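A student wants to know why the parts of a structure get the labels they get. The questions below go through those labels one at a time.

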Amino acid sequence: MLKIDNLHASVAGKDILKGLSLDVKPGQVHAIMGPNGAGKSTLGNILSGRDGYEITDGTVLFEGADLLALEPEERAAAGVFLAFQYPVEIPGVNNTYFLRAALNAQRKARGESELDSMQFLKKVREKLAVLHLKDELLHRGVNEGFSGGEKKRNEIFQLAVLEPKLAILDETDSGLDIDALKNVADGVNALRSPERSFIVVTHYQRLLDYIKPDVVHVLADGRIVQSGGPELALELEERGYAWIRDRVAPGT
Ligand code: ADP
Ligand code: MG
Ligand code: MG
């Protein structure tokens, strides 16, 4: 599904990613943990095609095609979804209207027919039911006046409606109380399928109590320095990240 090989990238002339490799298979959930400033958000931003990043080496293949050659809209149409760390507010733009426009833009780019409002509403109702969400979310402005928990719930709702093949969730647990965290995790779990992969960037092991990842990676200083099963997250919770310094810069 996603194959990143030896990715090097810089921002404003500063090297951030320094040889990152990652292989995500269909249906897998990969968790990426690591200290602040390691490059976790940079990775998500690069995958979604945000500006400002220079790729200096390496390749990213999504379903065998060069992802980095695609425009952000083309990536979305190909099935890549990034839930932003700080979701934007679009006051006055109705959430349902926004989502339908986003979905139809993607369908159009794939050569599929656009959904009319009845078809769209049917899909939306299905997704609300799957996620146990109230339809109150539909009538509000995009993220307008949403609490942190509501924004996250809305991101999961967007994810459900857009039906991506690869969803990248960045720091989904930052600032969330335990109930909101569990809502997000329930949403992710409800949307897991053999065709859909997730990359979940998180600081906290506790999210992984609810979302059981297939693979856990530690990203430090722009590279994956260790990978393992869910038990790696527990080990990080216990030991912190200090031991990683030896792997990043041996002997310093
Ligand atoms: P993480 O998400 O792992 O905490 P980030 O990917 O956000 O880390 O950042 C990695 C490094 O890149 C940090 O040192 C950060 O200061 C730097 N960085 C990120 N974006 C920019 C930018 N636009 N300009 C300059 N430095 C940046
Ligand atoms: Mg950070
Ligand atoms: Mg970050």
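Q: What makes the six strands E6-E9-E10-E3-E11-E12 a sheet, and is the sheet open or closed?
A: Two strands pair if DSSP finds at least two bridges between them, and strands (E, at least two residues) and helices (H or I, at least four) are DSSP runs numbered from the N terminus. Six strands linked in the order E6-E9-E10-E3-E11-E12 form an open sheet with mixed pairing. Strand E6 (80-83) and strand E12 (223-228) are at its edges with a single partner strand each, so one side of each has no neighbour in the sheet. From one strand to the next the twist averages 20 degrees; axes are lines fitted to C-alpha atoms, for helices over the stretch in contact, and angles run from 0 to 180 degrees between N-to-C directions.

Q: What are the model and the numbering based on?
A: This is a predicted model, in which local features need pLDDT of at least 70 and side-chain atom pairs count only at pLDDT 80 or more, while totals for chains, interfaces and linings use all residues. Residues are numbered from 1 along each chain as its sequence is written, and chains are lettered from A and ligands numbered from 1 in the order in which they are written.

Q: How do you know that E11 and E12 pair?
A: Strand E11 (residues 215-220) is joined to E12 by five bridges in the antiparallel sense, and at least two are required. Leu219 is opposite Ile224 in E12.

Q: Which strands form the antiparallel sheet, and which are its edge strands?
A: The order is E2-E1-E4-E5, an open sheet of four strands. E2 and strand E5 (65-66) are the edge strands, each pairing on one side only. Strand E1 (residues 2-11) has eight bridges to E2 and eight to strand E4 (residues 53-62). Ser10 is opposite Asp15 in E2, and its bridge partner in E4 is Glu54.

Q: How do you know that E4 and E5 pair?
A: They have two bridges, in the antiparallel sense, and the rule asks for at least two. Phe62 has Ala65 in E5 as its bridge partner. The hairpin of E4 and E5 has two residues between the strands, and there Glu63 takes a positive phi near 50 degrees.

Q: Why is H4 called oblique to H5?
A: The axes of helix H4 (residues 117-131) and helix H5 (residues 148-162) come within 10 Å and cross at roughly 130 degrees. Angles under 35 degrees count as roughly parallel, over 145 as roughly antiparallel, 65 to 115 as roughly perpendicular and the rest as oblique. H4 is therefore oblique to H5.

Q: Which residues make the contact of H4 with H5?
A: Lys123, Val124, Lys127, Val130 and Leu131 of H4 meet Ile156, Phe157, Ala160 and Val161 of H5. Residues are in contact if their C-beta atoms, placed from the backbone, lie within 7 Å. The contact has seven nonpolar, no polar and two charged residues. Ala, Val, Leu, Ile, Met, Phe, Trp, Tyr, Cys and Pro count as nonpolar, Asp, Glu, Lys and Arg as charged, and the others, Gly among them, as polar.

Q: Which residues around ligand 1 come nearest?
A: Gly37, Ala38, Lys40, Ser41 and Thr42 come nearest, out of 13 around the ligand; near is a C-beta atom, placed from the backbone, within 6 Å. The shell divides into four nonpolar, seven polar and two charged residues.

Terms used: Two residues are in contact if their C-beta atoms, placed from the backbone, lie within 7 Å.
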